[in-house]
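Opening the notebook on this one. I want to see how the strands pair up, then look at a couple of residues.

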Amino acid sequence: MWQLLIADSLLRGSLSLVKRTCGKPNCRCAIKPCHEAWVLATSRQGKPRCQVVRRDDIDDVQQRVAVYKECRAGLRTLEAMHKEEKRLLRGLIDQRNMPYE
Ligand SMILES: [Zn+2]
């Protein structure tokens, strides 16, 4: 979660390396796709979206995607801890409740 303090730009999505064609009819990829490309799968306004990541952007995109995932994981951990804390507090309060007799 501390990453949020230093990262000003996160990116929600998942990256995968795919093999694709280049479009040149004489290239060997015309028979079997062989050019590697990073594809970013995201969604925008609920619609799925796939984008090829430009070579120059790969490091930046990988970094931003990783930080987004770490922040989400941190949030989940925090939520789980909070839930447990609430459970313990409720138990403690109930336990110490001394009815007036
Ligand atoms: Zn090709």
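Note to self: this is a predicted model.

Entry 1, a bridge pair. I looked up Val18 and found that its bridge partner in E2 is Ala37. That belongs to a longer pairing: E1 (residues 14–20) runs antiparallel to E2 (residues 35–44), with seven bridges.

Entry 2, the other pairing of E2. I checked E3 (residues 47–52) next, and E2 pairs with E3 over six bridges, again in the antiparallel sense. Leu40 takes part here, with Gln51 as its bridge partner in E3.

Entry 3, Leu40. This residue sits in strand E2. Is Leu40 buried or exposed? I get 20 other C-beta atoms within 10 Å, so Leu40 counts as buried; the cut-off is 20 or more. Then I pulled its contacts, skipping neighbours within four places in sequence: Gly13, Leu15, Gln51, Val53 and Val61. For Val53 I also took the C-alpha to C-alpha distance to Leu40, which is 6.6 Å for a sequence separation of 13 residues.

Entry 4, the hairpin. E2 and E3 form a hairpin with two residues between the strands, and Gln45 is in that loop. What is phi of Gln45? I read a positive value, near 50 degrees, and this is not a glycine. Most residues other than glycine have a negative phi, so I flagged it. Gln45 is exposed, because I count 5 other C-beta atoms within 10 Å and the cut-off for exposed is 12 or fewer.

Technical notes: Residues are numbered from 1 along each chain as its sequence is written. This is a predicted model: local features need pLDDT of at least 70, side-chain atom pairs count only at pLDDT 80 or more; totals for chains, interfaces and linings use all residues. Two strands pair if DSSP finds at least two bridges between them. Two residues are in contact if their C-beta atoms, placed from the backbone, lie within 7 Å.
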